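Please walk through this structure with me, one region at a time, and keep the model in view while reading.

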Amino acid sequence: MCPFCQRKRKRDFNLKDLLQHASGVGKSNSDKRSTDEKAKHLALSKYLENDLIAEGGPSKPAAEDEPPVDCDHDEKLVWPWIGVVANIPTTRAKDGRFVGESGSKLRDEYIRRGYNPTRVIPLWNFRGHSGNAVVEFKKDWPGYANAMAFERAHEADRHGKKDWFADGDHKSGLYAWVARSDDYKANNIVGEHLRKIGDLKSISEIMEEDARKQDSLVSNLTSIIEVKNKDLEEMELKCNETTNAIKNVITEKDKLIQTYNEDIKKIQVSAQDHFKRIFNDHQKLKLQLESQKKELESRIEQMEKRAVDNESESRKLAEELEKNSVKNSSLQLAAAEQVKANDKLLKLAEDQKREKEELHKKIIKLEKDLDTKQALELQIEQLRGNVNVVRSMGDDGDAEVLEKVDKMLKGLSEKENELEDLEALNQTLIVKERKSNDELQEARKELINGLKEIDMSSKAQLGIKRMGELDSKPFQEAMRRKYKYNVEEAEDKATELCCLWEEYLKQPEWHPFKVVEGIGKAKEIIDEDDERLKRLKNELGDDAYNAVTSALMEINQYNPSGSYITSELWHYGLGRKATLKEGAAFILKILKQKKPRLDMD
């Protein structure tokens with residue numbers, strides 16, 4: 001209840017309505033209120049704002065978002081909620097038309113009073129400003145409460161609808177009320193405007209319409225939930241099928257890997273045993289050849305000693321023959337025969353010496369071959385050469401050596417057969433390895449296709465990376481710098497440039513690479529002198545240049561022949577291509593995380 005209003009019938013206000021009433025009277029321009037009365041109401045509004053509102057805040061309805069209870073639900077009101085303002089001051093301009101205050105100024109005034117209108121529209125006719133305006137409030141129930149507070153404040157200030165249409169007194173200040181049926185049907189500028197922008201509805205009708213909308217919304221949401229549940233069931237089936245398929249692939253992969261590892265171990269063990277046997281046999285042959293070499297050297301020494309002995313004996317015999325030549329002619333004849341025999345013996349010694357030198361050269365050659373060539377085929381040829389040397393000598397004691405050499409040749413022939421068997425086994429394992437690699441590649445493709453259908457987080461460690469895809473962000477940033485006052489044009493230019501450079505990347509005839517000699521082999525790097533790349537770097541900067549060169553390197557590495565984008569299983573955490581085992585473990589982890597969530601839903 002307002003303590004300063006002296007009317008016979010006093011109205012009860014809550015704190016918010018009382019604040020609006022006091023503020024409206026204190027700021028009113030009406031001549032019906034005295035200056036003292038306006039000052040008291042203004043002081044009351046300041047008191048309510050500074051003291052009561054600071055302590056507990058203005059009293060609010062229990063449920064502002066719900067329809068009002070203490071009102072006439074059958075009364076026809078203009079909806080959306082509209083207020084009518086009359087007696088707005090106007091002045092005549094030079095052209096004879098009337099002008100008045102703008103709607104925005106009046107709207108700001110009502111907002112300060114706490115009515116929160118959305119818009120104030122002055123009404124104009126052929127004479128100019130009509131002195132009337134309509135105040136639009138929000139369409140919800142808080143808007144209705146503000147409209148009613150707006151009407152009650154003006155009624156309390158004796159500037160309501162009844163006061164406006166009352167006869168007799170001079171009208172001063174603004175008069176306002178909430179538009180109803182009679183205003184809507186009135187044959188004036190206010191009625192025409194109300195019929196254009198609103199309808200007549202009762203609170204009951206609005207509540208029924210809200211209930212129908214809510215029922216329709218509930219029905220639509222129910223149908224959407226049913227569709228989502230069906231989609232969820234289909235996703236569960238797909239997830240289960242994908243899980244089973246992945247488990248089967250992983251099981252087959254593990255079997256293949258286990259089989260492959262076992263075969264590799266067998267090959268390694270067999271190869272190690274074979275190499276050990278070859279090395280041991282080689283050592284044995286080397287020892288045998290060294291013993292044969294020592295034996296031949298000892299025989300050469302004996303032959304040299306025999307030759308020396310024969311020379312000394314022949315000399316002694318020649319001296320004796322010379323001394324006794326005069327005494328006995330028969331002895332001379334014997335001496336002559338002895339000289340012939342000595343000549344033959346010297347010739348035989350020279351022949352043996354020459355054969356010894358040739359044999360010594362062959363022995364040196366064999367030693368060099370044994371030190372430089374360890375292969376099995378060369379060992380066989382060396383042994384055959386040794387056999388030929390021994391056969392050319394023709395001594396009585398060489399039969400035993402020939403038997404040993406024949407045994408060695410048979411052993412080496414058996415080793416050659418073992419080597420052929422080992423090569424055949426190696427070829428079989430290579431075929432199996434290629435088949436396993438093909439199956440692993442097929443499994444990798446299926447894994448990539450499965451990951452494409454799963455919605456993954458942007459922070460995931462593993463994902464599908466499109467190798468050779470051009471990053472558009474550097475182009476957008478470059479265009480934003482160039483067209484910083486026109487965002488739409490910058491976006492359009494960036495899109496055009498991205499499309500242009502994507503077409504350049506697809507051109508097989510454009511290959512801006514050069515070959516440089518690296519450590520061990522040659523490699524391809526970006527040709528920085530390429531005219532197109534240089535122009536890109538000068539016009540758009542380093543970021544766009546790096547984006548294009550990165551896409552070129554990826555295309556050249558992963559699809560150099562096709563020059564188009566390929567999908568690859570990528571480990572973003574390590575910055576490399578992910579293995580099949582890592583991909584399978586990652587997708588199993590995703591399915592385990594999603595399954596409890598689906599069960600909860």
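In this predicted model, the search for disulfides gives a count of zero. A disulfide is a covalent bond between the sulfur atoms of two cysteines, and the rule applied here asks that the two sulfur atoms lie within 2.5 Å. Cys498 and Cys499 show how the rule works out, because the sulfur of Cys498 has its closest cysteine sulfur in Cys499 at 6.9 Å, which is too far for a bond. Seen from the other side, the sulfur of Cys499 likewise finds its closest cysteine sulfur in Cys498, at 6.9 Å. As for their surroundings, Cys498 has a relative accessibility of 9% and therefore counts as buried, whereas Cys499, with 42%, counts as partly exposed.

For the chain as a whole, the assignment gives 16 helices and 13 strands, and 32% of the 601 residues count as buried. Among the contacts in the chain with a separation of 6 or more, 65% are made by residues 24 or more positions apart.

Strand S6 is a useful place to begin with the sheets. Which strands pair with S6, and in what sense? Strand S2, residues 82–86, pairs with S6 in the antiparallel sense over four bridges, and within this pairing Val84 has Val134 of S6 as its bridge partner. Strand S5, residues 119–125, also pairs with S6 in the antiparallel sense, over six bridges, and here the bridge partner of Arg119 is Glu136 in S6. S5 and S6 together form a hairpin, with two residues between them. Strands of a sheet pair through backbone hydrogen bonds, either parallel or antiparallel. Strand S6 itself spans residues 128–136, and because eight of its nine residues are buried, S6 is largely enclosed by the rest of the structure.

A further sheet is found later in the chain, among residues numbered in the 400s and 500s. This open sheet has three strands in the order S9-S12-S13, with antiparallel pairing. Its edge strands are S9, residues 462–467, and S13, residues 576–577, each of which pairs on one side only. Helix H15, residues 542–558, packs on the sheet and touches S9, S12 and S13, with a direction that makes about 95° with that of S9. Strand S12, residues 566–571, pairs with S13 in the antiparallel sense over two bridges, and His571 stands opposite Arg576 in S13.

Turning to the aromatic residues, a search of the whole structure finds 12 aromatic pairs. How are the rings of Trp141 and Tyr144 arranged? Their centres are 6.1 Å apart and their planes stand at 80°, so the pair is edge-to-face. Trp141 and Tyr144 both belong to helix H4, residues 141–156, where a spacing of three residues means that they are separated by about one helical turn. Both Trp141 and Tyr144 are buried. Elsewhere among the aromatic residues, Tyr110, Tyr115, Phe137 and Phe150 form one cluster.

Charged groups also meet aromatic rings in this model, as Arg532 illustrates. Arg532 lies over the face of Tyr504, at 3.9 Å from the ring centre, and Arg532 lies over the face of Trp510 as well, at 4.8 Å from the ring centre.

Two buried residues complete the tour. Ile206, in helix H8, residues 203–324, has a relative accessibility of 5% and so counts as buried. Leaving aside residues up to four places away in sequence, Ile206 touches Trp79, Trp81, Trp141 and Lys201, and Trp141 is the residue already described in the edge-to-face pair with Tyr144. Ile206 and His73 are 133 residues apart in sequence, while their C-alpha atoms are 9.5 Å apart in space.

Is Arg180 buried or exposed? Its relative accessibility is 17%, and because buried means under 20%, Arg180 counts as buried. Arg180 is found in the loop between strand S7, residues 175–178, and helix H6, residues 181–185. With residues up to four places away in sequence again set aside, Arg180 touches Glu75, Lys76, Leu77, Val78, Met148, Glu151 and Leu200.

Notes:
Residues numbered from 1 in each chain as written. Predicted model: local features only at pLDDT ≥ 70, side-chain atom pairs only at ≥ 80, totals over all residues. Heavy atoms only, no water. Buried < 20%, exposed > 50% of the residue type's maximum accessible area, 1.4 Å probe, protein only. Pairing = 2+ DSSP bridges. Contact = heavy atoms within 4.5 Å. Axes fitted to C-alpha atoms, helices over the stretch in contact; angles between N-to-C directions. Phe/Tyr/Trp six-rings, centres within 6.5 Å; stacked < 30°, edge-to-face > 60°. Lys NZ or Arg CZ within 6 Å of the ring centre and 35° of its normal.
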